[in-house]
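Let's take a walk through this protein together, with the structure open beside the text. Have your viewer ready to highlight residues as we go.

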Amino acid sequence: MPGPAVIEFGNDWCGHCRRAQPLIAETFAAHPRLRHLKIADASGKRLGRSFGVKLWPTLVVLVDGREVGRVVRPQSADDVRAALAAVR
């Protein structure tokens, strides 16, 4: 995938994921052109495991298909912004 993108691994029923959604939305509002792919992950899903995801939500920041940043269970919008800093 050329260019920057973020893959968000989580699930709708995950309490940590639900709590992080406003933080994630706030951060992505400032980056409307950044691709944001939400993946419904589960223990039997291979995509999350291939990225080494163990906790939700995990946001993996990619540039041209290479990981350049990651945030696991962000506690603030600043946590998400710090992970996105690599795409500037």
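The paragraphs below go from the strands to a pocket and then to one residue in its lining. Please keep in mind that this is a predicted model.

A good place to begin is strand S1, which covers residues 4-10. Which strands does S1 pair with? One partner is strand S2, residues 35-40, and the two run parallel, with six bridges between them. To see this pairing at the level of residues, pick out Val6 and look across to His36, its bridge partner in S2. Now follow the chain from S1 to S2: the path leads through helix H1, residues 15-29, and the resulting β-α-β crossover is right-handed.

S1 also pairs with strand S3, residues 58-63. Here the sense is antiparallel, and again six bridges join the strands. For a landmark on this side, find Pro4, whose bridge partner in S3 is Val63.

Is S1 enclosed or open to the surroundings? Six of its seven residues are buried, so the strand is largely enclosed by the rest of the structure.

Next, turn to the largest pocket, which holds about 170 Å³ of space. Which residues line this pocket? They are Glu8, Phe9, Gly10, Asn11, Asp12, Cys17, Arg18, Gln21, Lys38, Ile39 and Ala40. You have already met the elements that contribute two or more residues to this lining: S1, H1 and S2. By chemical character, the lining is made up of four nonpolar, three polar and four charged residues.

Let's finish with Ala40, one of the lining residues of the largest pocket. Ala40 belongs to strand S2. Is Ala40 buried or exposed? Its relative accessibility is 52%, and because the cut-off for exposed is over 50%, Ala40 counts as exposed.

What does Ala40 touch beyond its sequence neighbours? Leaving aside residues up to four places away in sequence, Ala40 contacts Gly10, Asn11 and Lys45. Two of these names, Gly10 and Asn11, also appear in the pocket lining. Phe9 is another lining residue; Phe9 and Ala40 are 31 residues apart in sequence, and their C-alpha atoms lie 6.2 Å apart in space.

Technical notes:
Residues are numbered from 1 along each chain as its sequence is written. This is a predicted model: local features need pLDDT of at least 70, side-chain atom pairs count only at pLDDT 80 or more; totals for chains, interfaces and linings use all residues. Side-chain values use heavy atoms; hydrogens and water are left out. Two strands pair if DSSP finds at least two bridges between them. Helices (H or I, at least four residues) and strands (E, at least two) are DSSP runs, numbered from the N terminus. A crossover is right-handed if, with the strands pointing away from the viewer, the path from the first strand over the helix to the second runs clockwise. Buried means under 20% relative accessible area, exposed over 50%, partly exposed in between (1.4 Å probe, protein chains only). Contact means heavy atoms within 4.5 Å. On a 1 Å grid over the protein atoms alone, a cavity is a set of points where a 1.4 Å probe fits but cannot get out, and a pocket is an open set with protein on both sides within 12 Å along at least five of seven lines; lining residues have an atom within 4 Å of a point. Grid points are joined across faces, edges and corners, and a volume is the space filled by probe spheres set on the points. Ala, Val, Leu, Ile, Met, Phe, Trp, Tyr, Cys and Pro count as nonpolar, Asp, Glu, Lys and Arg as charged, and the others, Gly among them, as polar.
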